[in-house]
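Biologist: I should like to learn how the contacts, the overall form and a single helix of a model are read. May we take them in that order?

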Amino acid sequence: MSHSSQFALLAQRRFLPFFLTQALGAFNDNLFRNALIGLVIYRVGTGQEQSLLYSNIAAALFILPFFLFSASAGQLAEKFEKSRLIRLIKFAEILIMIAAAVGFALGSVELLLGVLFLMGAQSAFFGPLKYSLMPQHLKPWELVGGNAWVEAATFMAILLGFLAGGPLMQLQNAELWVSVCVIGLAVLGWLVSLAIPPAPPTAPELKFNWNAVSEIGHTLGILRGRTAVLNSVLGISWFWFYGSLVLAQLPVYARDVLGGEAAVMSVLLAVFAAGIGVGSLLCEKLSGHKIEIGLVPLGAIGLSVFGIDLYFAQPTDVGALGLSVSEVFGQPGRWRVLMDLALIGLFGGFFIVPLFALIQSRTPWDEVSRVIAANNILNAIFMVLAAVLAIGLSALGMNIPEILLVTALLNAVVAIHIFRLVPEFLMRFMSWLVISVLYRIRVRGAEHVPDEGAALVVCNHVSFMDALLISACVRRPIRFVMYYKIFNIPVMSWVFRTAKAIPIAGGKEDPALMERAFAEIDAALARGELVGIFPEGQITRDGAINPFRSGVERILAGQPVPVIPMALRGMWGSLFSRRDSALRRMRLPRRFRARVELAIDSPVPAAQASAEQLQAQVQALRGDMA
């Protein structure tokens, strides 16, 4: 099945109204927050110390509801129909913005801070709905594209809210204009939300826990025992730690390090946000319409490399302050600062989008909202820790570039730790990198691979790269059974061991190893895993499919699981097949970037899956394209 571009999602009713609703809400949040800061700075006329106090209180009041209400929000999102909840939340936003208009009219900072707390609460209740609704409305291969649009819109909303909020408060009748804008955006968001299709409750029988404090502990406990999901949540929270710390330093960086006026800060924020937006949207293209967690290590590497380079890109010859945009970036070497910020954002997109998609795909539908709620709680904790770290480093006498350097180095340490805990991330990165460089791959029938439950994958065997290629194309981990000599190939053996491949030998060659392999296959299927085998037992030497051996029938006799037939097409002429002599096989570019296809058929019940029947099905899938 051919998968359309992520841009096609914007023409779908199952996505566009939801996307516009969340984008308008994010923009309204940031517009109001920055207008409030503008009111404190430009209208109330408070001193610097009091302005700083109000700014910090505002930040705390917006984050606090994510601690208090995310757990309850996760329960509501599971128990009730989601589109109706979204409309109720968006209607509440209208009432909150009317209260904001009263606060602006009275010039009451205290009332507006209360409104900001309510906006934070509204966002806390919307968050679990936002990410748990997508798996219900989008197909599995559309999750990356959908998350990419959401992340891109979120950071563009942060940027636009900043660019619009402060300047609006400097206009004549500013309070009136801001009030009209925030109420208008709230009404528009509610009207758009009316078009969101229904999303049935995933856990209607869930008993609601009214004790918000105990529910926070229970919600965080949902992550226990789910290593990949837990580490994805921690990865997302770390990104918000990194991103919020960078964003918080940019205003002072623009003024004191680059010597620029306020417009220079806007340029830095715009470049950073645009980088995240572009990186998020590129994820779908780079991942080939599937959840490719191999992009996460790539993103982590980029965050550290360009974060470190930002330190070395700082100018050493800042003269006058208050320089214009053209004066700042017209100086030699200043472009490097913009490049680093753009690439930090770009690789940040690579880092965060696959993690959200992985959480959605590997969490049962009736728990996604609560997992997202746990994610939001941890995000808030990490953002507070980022602020504490920045304050602490500043108190130690570090300047802004040094604080950003420490952040980039910390990112490298954290990334290494996460990838040590979950080597699947790094293994997928290596697989994705190798396969993306060597081949141009098309996948047909990916939807036939079940999201959960045991199954046996059978495929023709054409090259030494077959297991790696299939692993890179299928979103679920597959435990491949492979000849022990291939399993022990230097360097590649680390990849195979990390992927929990099962080494096997022939009965005459090493009967003990063969029996251990069959026992491990049986145990893996009993645990609900995917196991992949090449029933031919050897790589083809002439391009034809060799007879399937009876091992597949022995496996199914012990564990009668569905069998998923797959066929590699176009691999016979590729770099690592056995076509031609060893010297001729290495000829480039004829075999480099070979066009190959992985065709996947619907699962076959175990009772109908004989070696002969499966061979005929794989042969038909492969067709004439050897």
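Modeller: Let us begin with contacts: two residues are in contact when heavy atoms of theirs lie within 4.5 Å. Please bear in mind that this is a predicted model.

Biologist: Among contacts in the chain between residues at least 6 apart in sequence, what percentage joins residues at least 24 apart?

Modeller: The share is 83%. The chain that makes these contacts has 22 helices and seven strands.

Biologist: How does the radius of gyration of the chain stand against that of a compact globule?

Modeller: For 626 residues, a compact globule would have a radius near 25 Å, and the chain agrees with this because its value is 27 Å. Along the principal axes, the C-alpha atoms fill a box of roughly 85 × 60 × 40 Å.

Biologist: What part of the chain is buried, and how much area does the chain expose?

Modeller: A residue counts as buried under 20% relative accessible area. Of the 626 residues, 55% are buried. The exposed area is about 25700 Å², of which carbon and sulfur atoms supply 65%.

Biologist: Which residues of helix H20 are buried?

Modeller: In H20, which covers residues 551-558, Val 552, Ile 555 and Leu 556 are buried. Viewed down the helix axis, the buried residues fall within an arc of 95°, so they line one face of H20.

Biologist: Against which elements do the buried residues of H20 pack?

Modeller: They pack against strands E2 (455-459), E5 (530-533) and E6 (563-569), and against helices H19 (511-526) and H22 (611-622).

Note on methods: Residues are numbered from 1 along each chain as its sequence is written. This is a predicted model: local features need pLDDT of at least 70, side-chain atom pairs count only at pLDDT 80 or more; totals for chains, interfaces and linings use all residues. Side-chain values use heavy atoms; hydrogens and water are left out. Helices (H or I, at least four residues) and strands (E, at least two) are DSSP runs, numbered from the N terminus. The radius of gyration is taken over C-alpha atoms; the globule rule is 2.2 Å times the number of residues to the power 0.38. Buried means under 20% relative accessible area, exposed over 50%, partly exposed in between (1.4 Å probe, protein chains only). Accessible areas come from the Shrake-Rupley method with a 1.4 Å probe; for residues, only the protein chains shown count as cover. The arc is that of the directions from the helix axis to the C-beta atoms.
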